[in-house]
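Reader: I'm new to this one, and I'd like to go through it slowly with you. Could you put it up so that we can both look at it?

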Amino acid sequence: MEPNQVTYYRTPIGTAKIEGDKNGIRSITVIDEKIETPLNIPSSLQNCVQQLDEYFNGNRTEFNLKLNPQGTNFQKRVWKELLNVPYGKTRSYLEQSKKLGDVKAIRAVASANGKNPIWIVIPCHRIIGSNGSLTGYAGGLWRKKWLLEHENPSPQQSLF
């Protein structure tokens with residue numbers, strides 16, 4: 001097995017720690033520690049850094065990356081379904097459970113969402129409570145709110 005490569009990318013919501021290899025991106029997590037984006041990014045992670053940069057600059061709404069998240073088969077099914085939630089849209093945990101074919105699995109689906117190792121690219125931030133509340137986000141609700149507002153900005157109020 002090839003060793004995991006790591007790089008960092010500064011985002012408006014913290015430093016993204018990106019891990020992966022030629023088999024794909026294994027994880028993107030956001031940490032509070034301020035680490036500058038290194039000059040020498042491993043080749044297997046360069047495309048990810050570029051696409052995250054485009055996303056945060058408002059120039060990308062879909063990611064085109066080879067993903068290799070590590071988890072159970074059920075978790076991988078949940079994460080794969082998350083990829084079907086469009087940019088700028090949200091879905092409830094209940095709707096997510098229905099899409100996976102088992103409305104009773106809502107807690108298991110929510111738990112799998114919380115264990116999503118590839119933040120932003122696998123958009124677990126787009127899953128909200130049935131009442132529209134911003135429930136649960138491993139990176140903190142302020143980050144979830146920021147991402148949702150970034151993807152669906154409210155129109156600017158005009159004075160004229």
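**Contacts, sheet and rings**

Author: Let me start with L52, which, leaving aside its neighbours within four places in sequence, is in contact with Y9, I18, I28, F63, I120 and V121, where contact means heavy atoms within 4.5 Å. This is a predicted model, in which local features need pLDDT of at least 70 and side-chain atom pairs count only at pLDDT 80 or more, while totals for chains, interfaces and linings use all residues. Residues are numbered from 1 along each chain as its sequence is written, and side-chain values use heavy atoms, with hydrogens and water left out.

Reader: Okay, and which residues have the most contacts inside the largest nonpolar core?

Author: Those are I18, I28, L52, F56 and I120, in a core of 34 residues. A nonpolar core here is a set of buried Ala, Val, Leu, Ile, Met, Phe, Trp, Tyr and Cys residues joined through side-chain atoms within 4.5 Å, and buried means under 20% relative accessible area, with exposed over 50% and partly exposed in between (1.4 Å probe, protein chains only).

Reader: Which elements supply at least two residues each?

Author: β2, β3, α1, α2 and α4 (106–114) each do so, and α1 gives the most, with 6 residues. Helices (H or I, at least four residues) and strands (E, at least two) are DSSP runs, numbered from the N terminus.

Reader: Switching to the strands, what is their order in the sheet?

Author: The sheet is open, has 3 strands in the order β1-β2-β3, and its pairing is antiparallel; two strands pair if DSSP finds at least two bridges between them. Because β1 (5–11) and β3 (24–31) stand at the edges with a single partner strand each, one side of each is left without a neighbour in the sheet.

Reader: How many bridges do β1 and β2 pair over?

Author: They pair over 7 bridges, and the two strands form a hairpin with 2 residues between them. One of the partnerships is that of Y8, whose bridge partner in β2 is K17. Strand β2 (residues 14–21) also pairs with β3 over 7 bridges, and the bridge partner of T15 in β3 is I31.

Reader: Which helix packs on the sheet, then?

Author: Helix α1 (residues 43–56) does, touching β1, β2 and β3, and its direction makes about 15° with that of β1. For such angles, axes are lines fitted to C-alpha atoms, for helices over the stretch in contact, and the angles run from 0 to 180 degrees between N-to-C directions.

Reader: And S27, is that buried or exposed?

Author: S27, placed in strand β3, is buried, because its relative accessible area is 11%. Not counting residues up to four places away in sequence, S27 touches K17, I18, E19, P117 and I118.

Reader: New topic: how many aromatic pairs are there?

Author: A search of the whole structure finds 5, where rings of Phe, Tyr and Trp (its six-membered ring) pair if their centres lie within 6.5 Å, and planes under 30 degrees apart count as stacked, over 60 as edge-to-face and the rest as tilted. Among them, Y55 and F56 are edge-to-face, at 5.1 Å centre to centre with 85° between the planes.

Reader: Why is the pair of Y55 and F63 tilted?

Author: Their planes are at 40°, with the ring centres 5.5 Å apart, so that pair counts as tilted.
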